[in-house]
Amino acid sequence: MIKAIVTDIEGTTSSILFVKDVLFPYARANLADYVRNHADDPQVKPLLADVCKEAGSELSTEQIITQLIQWLDEDKKVTPLKSLQGLIWEAGYRQGDFKGHLYPDAAASLKAWKTEGLDLYIYSSGSVYAQKLLFAHTEYGDLTPLFSGYFDTHIGGKKEQQSYDNIAGQLAIPANQLLFLSDIKEELDAAKAAGFETIWLTRDSSPDPQAEHRQVNSFDQIGVGRNKTTQA
């Protein structure tokens, strides 16, 4: 029996285009000024130190900005970059520059699963802070009360089996009682290797019945409630 669902965000609960066309450009456009204006803030200063550690040398503020923009352009999943993006996006959400995108079927199913008693968790390469911001500012309102916890790259890379071992251990739930939802095969492979049940979201293509993981176009096809979900 599935006791909890762990879901990816980008391409799964939310459109890839929202991240690609809204969040990433917003972070890039505002990153330099944000770092210059907040370099000594308690939240930001340790992140800039982490950038230097990742880069392997001491960097000036302007060099840090150059490094961060390079990582952005290369789409690197670097933890301090993701954390800084979250802080920049917070300003955008609070100013009403955009709302967090969520597919209607995802919003409805998440609410239904929570009502049925399933625990819900997020695992995304975006920082936990960014995850909470997105779900707190959706067109469906603040959905953060639906979730029992959040995981980002601090738990490990999403294509590494150990990350899912770590999640199962932290939740104290047997892996075979956890369902992982994602649109990325390599992430699903890693989760399956750790013992998770898996479902592959293929929102822009027809499901392949021969795929290594069960494929669905929307959350509606997963089923609602404990009994239906365990059939995934």
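**View 1. Ala172 sits in the loop between helix 7 (161-171) and strand 4.** Helices here are DSSP runs of H or I with at least four residues, strands are DSSP runs of E with at least two, and both are numbered from the N terminus. Ala172 has a phi near 60 degrees, which is a positive value in a residue other than glycine. Ala172 counts as exposed, at 67% relative accessibility. For burial, the cut-offs are under 20% relative accessible area for buried, over 50% for exposed and partly exposed in between, using a 1.4 Å probe and protein chains only.

A quick note on what you're looking at: this is a predicted model, where local features need pLDDT of at least 70, side-chain atom pairs count only at pLDDT 80 or more, and totals for chains, interfaces and linings use all residues. Residues are numbered from 1 along each chain as its sequence is written, and side-chain values use heavy atoms, with hydrogens and water left out.

**View 2. Asp75 is another residue with a positive phi, in the loop between helix 3 and helix 4.** You'll find Asp75 just after helix 3, with a phi of about 55 degrees. Like Ala172, Asp75 is a residue other than glycine. Asp75 is partly exposed, with a relative accessible area of 40%.

**View 3. Helix 3 (residues 61-73) has a buried side.** Its 13 residues reach 18 Å from the first C-alpha to the last, close to the 18 Å expected at 1.5 Å a residue; that expected span is 1.5 Å times one less than the number of residues. Ile64, Ile65, Gln67, Leu68, Trp71 and Leu72 are buried. Those residues cover an arc of only 165 degrees around the axis, so they end up on the same side of helix 3. The arc is that of the directions from the helix axis to the C-beta atoms. An α-helix has 3.6 residues a turn, so residues three or four places apart point the same way. Thr66 and Asp73, on the other side of helix 3, are exposed. What do the buried residues of helix 3 pack against? Their partners are helix 1 (16-38), helix 2 (45-55) and helix 4 (79-94), with contact meaning heavy atoms within 4.5 Å.

**View 4. Six strands make an open, parallel sheet.** The strand order is 3-2-1-4-5-6, and two strands pair if DSSP finds at least two bridges between them. At the edges are strand 3 (149-151) and strand 6 (214-216), each pairing on one side only. From one strand to the next, the twist averages 25 degrees; axes are lines fitted to C-alpha atoms, for helices over the stretch in contact, and angles run from 0 to 180 degrees between N-to-C directions.

**View 5. Val6 stands opposite residues in two strands.** One is Phe180 in strand 4, and another is Tyr121 in strand 2. Strand 1 (residues 4-7) pairs with strand 4 (residues 178-182) in the parallel sense over four bridges. Four bridges also join strand 1 to strand 2, again parallel.

**View 6. Strand 2, helix 6 and strand 3 build a right-handed β-α-β unit.** Right-handed means that, with the strands pointing away from the viewer, the path from the first strand over the helix to the second runs clockwise. Helix 6 (residues 128-136) lies across strand 2 (119-123) and strand 3, at about 130 degrees to strand 3. Strand 2 and strand 3 pair in parallel over three bridges, with Tyr150 in strand 3 as the bridge partner of Ile122. Strand 2 is mostly covered, with four of its five residues buried.
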